[in-house]
Amino acid sequence: MEYLSRLNGQQRQAVTTGLGPVLVLAGPGSGKTRVLTQRIAYLIGEMGVRPFQILAVTFTNKAAREMESRVVELVGDRAYGLTLGTFHATCARILRREAEHLPFQSNYVIFDTDDQLSVVKRALSDLNIDKKRYPPQSLLGSISRAKNELLLPDEFAPENYRDEIVKRVYTRYQEILLANNGLDFDDLLLWTARLLEDVPEVREKYARRYVHVLVDEFQDTNLAQYRLLTQLASNYRNIFVVGDSDQSIYAWRGADYRNVLRFERDFTGYQEILLEQNYRSTQAILDVAMAVIDRNPNRTHKNLSTSRGFGEKIVLHETYDDREEANYVVEKIASLVATNQANTGDFAVMYRTNAQSRLLEEAFLHANLPYKLVGAQRFYGRREIKDIIAYLRLAHNVNDEISLTRIINVPARGIGSKSLITLRAAAQKNQISPGNMLVALGSKQEQYLEHFQSRMGSVLSDFGELLAGWRKLQNELPPLALMDKIIDDTGYRSYIDDGTDEGRDRWENVMELRRLADEFKEAGLDAFLERVALVSDQDTLEGNVNVPTLLTLHAAKGLEFPNVFIVGLSDGVLPHIRSFDEPEGMQEERRLFYVGITRAKDRLFLVLPLNRSSFGYSEPVDESRFLRDIPQELIKDSGRARSRSHITRSGVLRWEKDKVPTTGKSEPLYQAGATVLHPVWGEGMVLNSRIQDDDEIVDVFFAGEGLKRLAASLAKLELKS
DNA sequence: GCATCGGATTTTTTT
DNA sequence: AATCCGATGC
């Protein structure tokens, strides 16, 4: 129990509290994860609770993994059997196990946002609704909101004409999903919650098993998640939730702060514990954060305090435009690293919208500085990855028509839209799915051939034969082998790798996916597909790469960095223009800014461009209204020139242009972050190094000299440890 | 059935 | 600026 001594009084109270409902209100940096993990350890180690009786849910796999490893650190293999995972993954598993009670089969596939959009479009065309008048995106939003409120199509009560349309589309949408044996993200929560509410024996089973339920980021739960939790905790009422309403930034996807009120109402006699002591940031940063968040109405003021001291004032910097904003960030990072004030991995650059990452990436590439970018889209959104996954999904579940439509003619095999329409019609006539019709054609069931012209029939049968083959192998081969067979059968490699640089990149992405598939030798195709469907953006954050991180403010939640840049602080970006109409939205923007600020441990840089390019044009922009709320005495006197007219396009340090690194065989001797000694310039910091033509090219930042590019064979560098 | 061109459209945030 | 969609021609 020696670990308990490292907790403060409130934390210890939370960790060691007895049975019953507990609501922990935890400010940023107050050791929330620590409390959760130690609570689990305490239950296992001191209260004699068996791990399989504990359920802990988070929002991202990364948070789940981190909690798991910390629990293992504390109690070792006594943690074995613990249920710890994201809401979505936990639900996905329950649904596979309990599929017999539900209107789909256990080998269902999970539809991502793109798939969902395809389904909406299908529904619109089935119903003859004009998608110009009813944009699929917005209909999908309405459907998703309904699902988050646990409303099935026939329970959806229209309040206006648009709702009538939504209801019709939603009805058709859900029919299509079920016909495809597919579930969307919202369904995972919806069906699990409904299952627990509607089938008493299932509820009993889980409510009796899970003696303790723990929830991270409670402020981000939606109604479906809340109802799910109350069902799970219905037997023992040992529910331990941790959250911070000031960090609620997901209302737009159904998160409902009223869940805190519901909790207070439904779990009477609950204990409330406040964690206010901050262990992360300097007081200067906390003062800025409080100044910003205090402007939100209807909240109780939290007094964030730290024992870390005041620290450095924050930096507010204006640049001419967004391009120079990116350059400023890169230069600032380089100079802090070069002057030994920080390590390369100590930085995060945060922005409101994903599109803002592009200029930043360009600036980093230009300066030859490595970086990492958080965002699942980056990988899983790629065409080649989606193609391969669609093939696997189809092999796993031939009813998945969305995947079928995606790849039936990729690579081109002469099955165009005409054939597809004919296939669909024929399948419908025979009361089977198009996938099954193909499999039948491929298995030489000639009776179906009569629906097609001879050439069409033979191309379809050929493809059906392939599909039938994969389907058979799907259970025998590990995911990687099946993937290779598909790539081989379809000639996918020569299709994608056309000899261009882009083609090579695309093939490398496929190789990356192969590597991931290889990790699922034992777990199987099921688990692999679930994993690729439920990756979150944060999950793409690799742990130990020691380079700056680029990420959205949303993705930054739960993380911390010594030095944080928040860029694009102009009105319309942060707060985003789409939130201008409703005060609720504006308040959420403010919380988003607050989340960003409170990620910083030591230094905070707020950067704003005076001009911004959008759709190809550069326009002057106003500064973010949030900046006006920060007291001057917390801001370092820098960057904010006497007059805005002093800030011009000129005088920007441009880093040497160079070619992309070649593919050398050996490893660079000098690693980014290492200190080297040069006979003339003295001590410098390695920013980047790569092998080029049998030599090593090293970029070194010398405090007095600036950035120098050196050839290792000539420069006589000495590596200091 | 497929490639190409031109015009429209895009940008909120994500499990 | 970049991508997507639909119409057109081959």
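Mentor: Two strands pair if DSSP finds at least two bridges between them. Keep that in mind for this predicted model.

Trainee: Which residue in β14 is the bridge partner of lysine 372?

Mentor: Start with the strands. β13 covers residues 372-373, and it pairs with β14 in the parallel sense over two bridges. Two bridges meet the cut-off of at least two. Within β14, lysine 372 has as its bridge partner threonine 549.

Trainee: Which residue of β14 stands opposite valine 349?

Mentor: Valine 349 belongs to another strand, β12 (residues 347-351), which runs parallel to β14 and is joined to it by four bridges. The residue of β14 that stands opposite valine 349 is leucine 550.

Trainee: Are the residues of β14 buried or exposed?

Mentor: Take the directions in turn. Thr549 and Leu551 point one way from the strand, and Leu550 and Thr552 point the other way. On either side the result is that they are all buried.

Trainee: Which residues have the most contacts inside the largest nonpolar core?

Mentor: That core has 66 residues. Setting aside neighbours within four places in sequence, one of its members, valine 169, is in contact with residues including Val120, Leu124, Leu139 and Ile143. A second, separate core has 51 residues, among them Ala395 and Tyr448. In the largest core, the residues with the most contacts are Leu95, Val169 and Leu188.

Trainee: How far from arginine 413 is the nearest side chain of opposite charge?

Mentor: Arginine 413 sits in the loop between α17 (401-407) and α18 (417-429). Apart from neighbours within four places in sequence, the contacts of arginine 413 include Tyr391, Val459 and Phe463. A salt bridge needs a nitrogen and an oxygen within 4 Å. Arginine 413 is buried yet has no salt bridge, and the nearest side chain of opposite charge, aspartate 462, lies at 8.9 Å.

Trainee: How many residues of helix α19 are buried?

Mentor: Helix α19 spans residues 434-442 and is mostly covered. The cover over its buried residues includes α17, α18 and α20 (454-473). Among the buried residues are Pro434, Met437 and Leu441. Of the nine residues in α19, the number buried is eight.

Trainee: Which residue just after α19 takes a positive phi?

Mentor: Look just past the end of the helix, which covers residues 434-442. There a phi of about 60° is taken by lysine 444.

Trainee: How many residues apart in sequence are the parts tied together by phenylalanine 59 and phenylalanine 87?

Mentor: The structure has 16 aromatic pairs. In one of them, phenylalanine 59 and phenylalanine 87 are tilted, at 5.2 Å centre to centre with 55° between the planes. Phenylalanine 59 lies in the loop between β2 (54-58) and α3 (61-75), while phenylalanine 87 is in helix α4 (residues 87-97), so the pair ties together parts whose separation in residues is 28.

Trainee: Which residue of the pair phenylalanine 364 and tyrosine 371 is partly exposed?

Mentor: These two rings also form a tilted pair, 5.5 Å centre to centre with 50° between the planes. Phenylalanine 364 has a relative accessible area of 0%, so it is buried. A value of 21% does not fall under the 20% cut-off for buried. The partly exposed residue is therefore tyrosine 371.

Trainee: Where is lysine 302, which meets aspartate 244 in a salt bridge?

Mentor: The N to O distance between the two side chains is 2.9 Å. Aspartate 244 lies in the loop between β7 (239-243) and α11 (258-266), 58 residues from its partner. With a relative accessible area of 16%, lysine 302 is buried. Its place is in the loop between α12 (283-293) and β10 (305-306).

Trainee: Which helix holds glutamate 362, the salt-bridge partner of arginine 323?

Mentor: The closest N and O atoms of this pair are 3.4 Å apart. Arginine 323 is partly exposed at 41%, and glutamate 362 is partly exposed at 34%. The pair links distant parts of the chain, with arginine 323 in α13 (residues 322-338) and glutamate 362 in helix α14.

Technical notes. Residues numbered from 1 in each chain as written. Chains lettered and ligands numbered in written order. Predicted model: local features only at pLDDT ≥ 70, side-chain atom pairs only at ≥ 80, totals over all residues. Heavy atoms only, no water. Buried < 20%, exposed > 50% of the residue type's maximum accessible area, 1.4 Å probe, protein only. Core = buried A, V, L, I, M, F, W, Y, C linked by side-chain atoms within 4.5 Å. Contact = heavy atoms within 4.5 Å. Lys, Arg positive; Asp, Glu negative; His and termini not counted. Phe/Tyr/Trp six-rings, centres within 6.5 Å; stacked < 30°, edge-to-face > 60°.
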